[in-house]
Amino acid sequence: MNLPLRDRKIDVFFAVLFSAFTVTSLISDLLPTVGVDFSKPSDNFFVNSNYWYAHDADALFMHPPDWMRIVTGLSAFVYMPFYVVLVFALLTGRNWIQLPSVIYATMIVTLTGVVVFGVEFFGDPAFRTGNPAKFLAFNLPYVLVPLLLLVRMRKPLPFTRRF
C-alpha cells in the first residue's frame with residue numbers, strides 16, 4: 001500500500017523541482033533547438049534571459065553545434081513532457097513511473113553530467129565555461145536532482161516508503 005503524499009515529503013520536493021524543470025526546458029532549451037539567436041541582448045524576455053545566462057558562462061549553449069541542439073531538443077521535446085508525467089506520478093503515487101525515471105535519470109546524467117560538463121570543463125577551449133560558478137549553479141541541479149531521483153526509485157514500489 002502506498003504512503004499518502006503527506007508522508008512522502010521527498011516526492012513533494014521532487015514535484016516542485018521537476019515542475020520548475022518543465023518551465024526551464026520550455027524557456028531555455030527550446031530556443032537553441034529551433035535556432036533562435038540569443039548571442040546578443042534582446043527586448044524579448046526569453047531571448048534576453050538566455051543571453052544573460054550564456055554570454056559569460058556557456059558558449060556551448062550560446063553557439064550550439066548540431067549535437068548540442070540534439071541535446072537541447074531532447075530536453076525541450078522529450079524531457080519536458082516526461083516532467084509533466086513525472087510530477088503527476090509523484091503526486092499521485094504511481095509506481096509505474098519507476099522504470100521511466102531510471103531511464104530518464106541515466107540519460108540526463110550521462111548527457112549533461114558527462115558530455116556537456118566534459119566539454120564545458122575539459123573540451124575545446126572555445127566551448128569551455130568562462131564562469132564555472134555560474135555554469136554550475138544553473139546546471140548542477142540537472143545532474144544532482146536526477147541522481148537523487150535514481151536513488152529514490154532504487155527499489156520496487158517506491159511510493160510504499162518515504163525514501
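**Salt bridges and helix contacts**

Q: With 2% relative accessibility, does R8 count as buried or exposed?
A: This is a predicted model, so the call rests on computed values. The cut-off for buried is under 20% relative accessible area. R8 comes in at 2%, so it counts as buried.

Q: Which residue meets R8 in a salt bridge?
A: The bridge runs between side chains, with N to O at 2.7 Å. The partner sits at 0% relative accessibility, so it's buried too. That partner is D11.

Q: Which residues are linked with D11 in a network of salt bridges?
A: D11 bridges to R8 at 2.7 Å, N to O, and also to R152, where the closest N and O atoms are 2.8 Å apart. The R152 pair ties helix α7 to helix α1, 141 residues apart in the chain. So with D11 shared by both bridges, and under the 4 Å limit for a salt bridge, the network partners are R8 and R152.

Q: Which residue forms a salt bridge with K134?
A: Here the closest N and O atoms are 2.8 Å apart. K134 is in helix α6, and its partner lies in helix α2, 78 residues away. K134 counts as buried at 11%, while the partner is partly exposed at 28%. It's D56.

Q: At what angle do helices α6 and α7 pack?
A: Their axes are 5 Å apart. L136, A137, F138 and N139 of α6 meet P141, Y142 and V143 of α7, a set of 6 nonpolar, 1 polar and no charged residues. The packing angle is about 35°.

Key
Residues numbered from 1 in each chain as written. Predicted model: local features only at pLDDT ≥ 70, side-chain atom pairs only at ≥ 80, totals over all residues. Heavy atoms only, no water. Axes fitted to C-alpha atoms, helices over the stretch in contact; angles between N-to-C directions. Helix = DSSP H or I, 4+ residues; strand = E, 2+ residues; numbered from the N terminus. Contact = heavy atoms within 4.5 Å. Nonpolar A, V, L, I, M, F, W, Y, C, P; charged D, E, K, R; others polar. Buried < 20%, exposed > 50% of the residue type's maximum accessible area, 1.4 Å probe, protein only.
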